[in-house]
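Biologist: Got a minute to walk me through this one? I'd like to start with the salt bridges between the chains.

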2 protein chains.
Amino acid sequence: MTERDEPGRLMIAEIGEQPEVLARLLDHRDEIAAVRARLAQHEPRFVLFAARGTSDHAALYGKYLVEVDLAKPAGLVSPSTLTVYGSRPDLSGVLMIAVSQSGGSPDLVDSLTAARSCGALTVAVTNAPSSPLASAAELHVDIHAGAERAVAATKSYTAQLLALHLLLVGDDGAELLPERAAATLAGSAAVQLASRYRFADRLITTARGYSYATAREAALKLMETSYLSAQAFSAADLLHGPLAMIDSGVPVIAVVSPGRGGHAMTQALDRLSDTGADIARIGPVDGVPVVSDDVPERLLPILEILPLQQLAWRLALDRGTDPDRPRGLRKVTSTW
Amino acid sequence: MTERDEPGRLMIAEIGEQPEVLARLLDHRDEIAAVRARLAQHEPRFVLFAARGTSDHAALYGKYLVEVDLAKPAGLVSPSTLTVYGSRPDLSGVLMIAVSQSGGSPDLVDSLTAARSCGALTVAVTNAPSSPLASAAELHVDIHAGAERAVAATKSYTAQLLALHLLLVGDDGAELLPERAAATLAGSAAVQLASRYRFADRLITTARGYSYATAREAALKLMETSYLSAQAFSAADLLHGPLAMIDSGVPVIAVVSPGRGGHAMTQALDRLSDTGADIARIGPVDGVPVVSDDVPERLLPILEILPLQQLAWRLALDRGTDPDRPRGLRKVTSTW
């Protein structure tokens with residue numbers, strides 16, 4: 001086997017690049033601050049996000065930033081309403097942010113183009129400044145993550161989160177991220193956790209608040225690479241039905257931040273414990289460690305996902321699959 | 001075993017009541033038209049929905065009605081932003097619709113109260129006119145479904161869908177629903193399908209457009225009653241990652257409407273077929289029949305869910321569980 005063919009080589013390399021990618025994006029913060037200044041002039045009354053797959057989880061994070069930190073209403077657009085059904089709403093005063101690594105997904109380009117023609121101010125957040133999505137939008141934010149070659153997105157996800165934070169909230173607290181990311185990635189607890197799930201068919205992830213995006217993205221990463229049935233639930237929704245399917249045979253990964261989101265999970269975690277569920281915690285307080293000292297809660301999702309990416313990579317290898325070649329999937333833009 | 005203890009007795013009785021529930025709600029259409037007239041006076045610029053569990057799927061349906069039929073932007077609120085994080089956005093000109101069977105969920109009451117204090121026009125859609133949620137809202141829509149005693153919501157769901165349609169779009173095309181619902185429920189294909197999934201551990205549901213709510217609700221119903229891991233994906237999102245976990249061992253239920261939503265699924269269904277997946281179709285065209293002649297596409301979700309409720313009920317019985325007593329769950333308001 002040549003080095004080039006080694007299973008998971010691309011994915012683990014890109015996971016490891018993240019401290020450097022975050023630092024590089026911070027070096028470009030002035031670029032994003034200029035776009036931020038343009039948004040401020042428009043004073044949007046409402047923010048719509050459009051995205052698919054991993055980028056949809058970055059959009060979900062962005063929605064929390066808008067609702068909590070900007071105190072404006074926000075929504076995730078259902079792209080089919082603009083494309084399949086051809087709806088043409090009045091979007092004057094609305095900001096639409098489309099998020100896509102490749103900037104090449106045709107239905108996102110169509111949705112953003114439709115939104116722009118309906119009066120929305122449009123911003124594309126991509127890793128590809130010359131992509132169709134970047135061209136279609138009035139404003140563009142480059143996440144500067146470098147070419148992403150693994151099919152399972154990792155570094156582009158954390159770069160999208162930081163780019164959205166820089167765009168919507170600014171750089172407050174972000175300076176610490178590259179070092180904290182490196183320290184978190186240096187841990188080995190997530191890789192050890194993989195042995196626990198070697199024969200699991202299904203798994204639940206849960207979180208609340210900003211970290212809900214982390215639970216969603218972790219579930220997708222595990223599905224893509226290890227083919228297990230991983231489902232994410234907000235800790236609040238978990239009590240409204242899905243709890244029935246959890247017993248001691250269905251492991252739970254709970255992302256428990258040290259902030260208000262994690263604190264609000266207490267009731268759900270107690271109920272889960274009552275069912276005899278196997279619960280692994282991800283977070284600074286206990287369980288799989290996230291090194292996040294002095295990092296504000298709203299930035300934690302950029303760090304929390306890191307051990308979960310490592311878990312997905314290791315679990316795929318343990319189960320004999322190649323996380324660089326998920327069956328049935330392809331990246332929209334492939335560079336080789 | 002007394003009749004009272006017969007497993008699934010409550011659930012199947014309430015499934016069977018739905019034609020009558022829909023007819024009763026239509027008899028009350030003037031009540032809802034009066035609320036609709038109040039909304040029209042306010043000309044909301046944006047609609048936010050708040051809900052949990054099954055009601056969240058009704059809210060998702062409502063979001064499509066707003067985006068497509070009212071051509072206004074809409075969003076599903078993340079309740080934690082208003083409650084856990086205490087955000088107080090400017091919601092003047094915003095309509096917030098909270099959907100809840102019982103009207104008793106404290107975090108919804110808190111979200112709606114916060115939204116009202118932030119300037120939103122608030123409407124509660126409940127099955128309980130004297131509930132805290134109904135009292136907290138400026139306007140109330142009673143779904144008139146009668147007491148729901150089964151833990152797995154069925155008749156309250158279809159009544160919520162129809163109530164949202166009457167509130168947002170009107171009664172156009174709705175007259176046919178009670179008869180079509182009765183004809184759909186008279187079929188036995190869904191109950192036969194249960195034997196196919198007797199030993200399945202996981203299952204995927206998929207749809208697009210209005211019917212995406214059906215896929216989400218069907219997955220929840222199967223999780224609650226049969227404890228299998230059922231996941232719903234928009235047919236568009238399915239191609240962005242989850243496809244990797246589907247092979248011939250993971251059955252797929254595709255809700256394929258005869259309208260634009262179903263038509264837009266062609267590419268995804270072709271890709272699924274390529275993986276060798278076992279696909280059952282729900283819809284008027286082929287597969288498990290939905291009797292929907294002359295019913296407009298935007299009302300189909302009220303009919304499509306019916307055979308899937310029957311499937312969830314039958315599968316639970318086949319697997320030896322009592323769908324009336326899902327483990328770990330309780331209804332917020334229990335009447336006995």
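Modeller: Sure. Between chain A and chain B there are 4 salt bridges, where a salt bridge means a side-chain nitrogen of Lys or Arg within 4 Å of a carboxyl oxygen of Asp or Glu. Keep in mind that this is a predicted model: local features need pLDDT of at least 70, side-chain atom pairs count only at pLDDT 80 or more, and totals for chains, interfaces and linings use all residues. Residues are numbered from 1 along each chain as its sequence is written, chains are lettered from A and ligands numbered from 1 in the order in which they are written, and side-chain values use heavy atoms, with hydrogens and water left out.

Biologist: OK. What does A:Arg208 pair with?

Modeller: A:Arg208 makes a salt bridge with B:Asp107, and the closest N and O atoms are 3.8 Å apart.

Biologist: And which residue does B:Arg52 bridge to?

Modeller: That's A:Asp237, with 3.4 Å between the closest N and O atoms. B:Arg52 sits in the loop between β1 (46-50) and α4 (54-69) of chain B, while A:Asp237 is in helix α12 of chain A, so this pair joins two chains. Helices (H or I, at least four residues) and strands (E, at least two) are DSSP runs, numbered from the N terminus.

Biologist: Are those two buried or exposed?

Modeller: B:Arg52 is buried at 8% relative accessible area, and A:Asp237 is buried at 19%. The cut-offs are under 20% for buried, over 50% for exposed and partly exposed in between, with a 1.4 Å probe and protein chains only.

Biologist: Which residues are linked in a network of salt bridges?

Modeller: A:Arg52, A:Asp107, B:Arg208 and B:Asp237 are linked that way.

Biologist: What about polar contacts between the chains, how many residue pairs?

Modeller: 27 residue pairs between chain A and chain B, both residues at pLDDT 80 or more. A polar contact is a pair of N or O atoms within 3.5 Å; within protein, one must be able to donate a hydrogen and the other to accept it, and residues adjacent in sequence count only if both atoms are side-chain atoms.

Biologist: Which element of chain A gives the most to the side that touches chain B?

Modeller: β7(A), with 5 residues. That side of chain A divides into 31 nonpolar, 16 polar and 19 charged residues. For that split, Ala, Val, Leu, Ile, Met, Phe, Trp, Tyr, Cys and Pro count as nonpolar, Asp, Glu, Lys and Arg as charged, and the others, Gly among them, as polar.

Biologist: How many residues are in contact, and how much area is buried?

Modeller: 66 residues of chain A are in contact with 66 of chain B, contact meaning heavy atoms within 4.5 Å. The two chains bury about 5,200 Å² between them, 52% of it on carbon and sulfur atoms. Buried area is the accessible area (1.4 Å probe) that two parts lose on being put together, summed over both.

Biologist: What rotation superposes chain A on chain B?

Modeller: A rotation of 180° with 0.0 Å of shift along its axis, at an RMSD of 0.0 Å. That's the relation of a two-fold axis. The fit is by least squares on the C-alpha atoms of residues with pLDDT of at least 70 in both copies. Within chain A, A:Gly75 comes closest to the rotation axis, with its C-alpha at 2.0 Å. Also, 100% of the interface residues of chain A are interface residues in chain B too, so the copies meet through the same surface.

Biologist: Switching topic: how far apart in sequence are B:Arg29 and B:Glu175?

Modeller: Their side chains meet in a salt bridge at 2.8 Å, N to O. The two are 146 residues apart, with B:Arg29 in helix α3 (residues 29-42) of chain B and B:Glu175 in the loop between α8 and α9 (177-185) of chain B. B:Arg29 is partly exposed at 22%, whereas B:Glu175 counts as exposed at 52%.

Biologist: And what does the side chain of B:Asp322 reach?

Modeller: One target is the backbone nitrogen of B:Asp324, at 2.8 Å. The backbone nitrogen of B:Gly8 lies 3.0 Å from a polar atom of the B:Asp322 side chain. B:Asp322 is in the segment after α15 (301-318) of chain B and is buried at 16% relative accessible area.
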